[in-house]
Amino acid sequence: MKIQSVLRAIRKADQDFGLIEDNDKICVALSGGKDSMLLFVALSMYQKFAPHPFSLCGIHVDVGFEDFEHEKMKDFAKQYNLDLHIEKTKIFDILKLHPNNKGKIQCSLCSTLKKGVLFDKAKEFGCNKIALGHHGDDAIETLLLNMVHGSKIATFQPKQYMSRMNMYMIRPMIYLKEQEIIDICKNNQIPAVRRVCPNDGVTQRQQMKDILHQFYRQFPQAQDNFLNALANQEQLSLWKKENSEFKDMTI
Ligand SMILES: Nc1ncnc2c1ncn2[C@@H]1O[C@H](COP(=O)(O)OP(=O)(O)OP(=O)(O)O)[C@@H](O)[C@H]1O
């Protein structure tokens, strides 16, 4: 698979959800993982033919994990001529002070703290949109995690306005599957930093990913159908309770 297929997927998401508008200043949230590294490169290419002109920068929130490969990230930005800022924080120290009841660091707290830094920095740089590296499989996993753990049928939006921060979050790679991203990164020598988060591989999301992989082995068509279902609002058919006169009756 070629990088052009990423650009096609980004253009389709842009057209379908109006992700990018004239003179946007977009900050790519760069974790160092394959998804956001590819997103950064792909958006810089998309700049050349996007229907709406936009500018681009990247921000990595350095959580403070030991052994994080900052140099690899900096080299990558240099190689592709990308404007990258690395923001040092003490988030890891805070996480160690507030472990969960199994003694592990809390992913939700980490995510909230990272987001806070990211939004502040993006504002400081004059950005009006933050682009995240989420893809289609992330959207499906989020949907199922919300159903399993939160009794709700919901996933993240391709474009989401955060009113408190007056900032949009956009997810230009929602039409790509994780395996496509892995193949494209491999074929195009797009690097990823070594994963150093102590929770890596033991999250609820990883569990869901593993279950879905098994599920797709039996039902290969399900992956595309899940993705199509996310935009198929007309066919959404959920229960609607009526105001029943029996409501307060005890049996
Ligand atoms: N430390 C960070 N600094 C900036 N952005 C981040 C950071 N961590 C995560 N993000 C953003 O949030 C998105 C989802 O986070 P997640 O933790 O799932 O990423 P990942 O799987 O570690 O890496 P990636 O999605 O880049 O392969 C990332 O794609 C990236 O855009």
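## Asp 138 and the annotated binding site

Let's start in helix H6, which covers residues 136–150 and holds Asp 138. This is a predicted model, and in it Asp 138 has 21 other C-beta atoms within 10 Å, so the residue counts as buried.

Asp 138 also appears in a UniProt record: an unreviewed entry lists it under "binding site", together with Ala 29, Leu 30, Ser 31, Asp 35, Val 61 and Gly 133. The same kind of source, again an unreviewed entry, places the feature "domain: tRNA(Ile)-lysidine/2-thiocytidine synthase N-terminal" at residues 25–191. In the model, that span is 44% helix and 18% strand, and its end C-alpha atoms lie 25 Å apart.

## The loop between E1 and H2

Leu 30, another of the positions in the "binding site" list, sits in the loop between E1 and H2. It is buried because 28 C-beta neighbours fall inside 10 Å. Setting aside residues within four places in sequence, its contacts are Ser 36, Met 37, Phe 40, Gly 58, Ile 59, His 60 and Leu 84.

Gly 32 belongs to this loop too, with strand E1 (24–29) on one side and helix H2 (34–46) on the other. Is Gly 32 buried or exposed? With 21 other C-beta atoms within 10 Å, Gly 32 is buried. Not counting residues up to four places away in sequence, Gly 32 touches Met 37, His 60, Met 73, Ala 192 and Val 193. Val 61, which UniProt includes in the "binding site" list, is 29 residues from Gly 32 in sequence, with a C-alpha to C-alpha distance of 9.8 Å.

## A right-handed β-α-β unit

His 60, a contact of Leu 30 and of Gly 32, pairs with Ile 86 of E3 as its bridge partner. Strand E2 (residues 54–62) and strand E3 (residues 84–88) run parallel and are joined by 5 bridges. Together with helix H3 (residues 70–79), E2 and E3 form a β-α-β unit that is right-handed.

## Phe 65, between E2 and H3

Within that unit's path, the loop between E2 and H3 contains Phe 65. Here the surroundings give 13 other C-beta atoms within 10 Å, so Phe 65 is partly exposed. Which residues does Phe 65 contact, leaving aside neighbours within four places in sequence? They are Phe 92, Val 196 and Cys 197.

For a longer view across the model, take Phe 65 and Gln 221: these residues are 156 apart in sequence, and their C-alpha atoms are 39 Å apart in space.

Technical notes. Residues numbered from 1 in each chain as written. Predicted model: local features only at pLDDT ≥ 70, side-chain atom pairs only at ≥ 80, totals over all residues. Pairing = 2+ DSSP bridges. Helix = DSSP H or I, 4+ residues; strand = E, 2+ residues; numbered from the N terminus. Right-handed = clockwise from strand over helix to strand, strands pointing away. UniProt positions renumbered as here; feature names shortened; annotations may be inferred. Buried ≥ 20, exposed ≤ 12 C-beta atoms within 10 Å, placed from the backbone. Contact = placed C-beta atoms within 7 Å.
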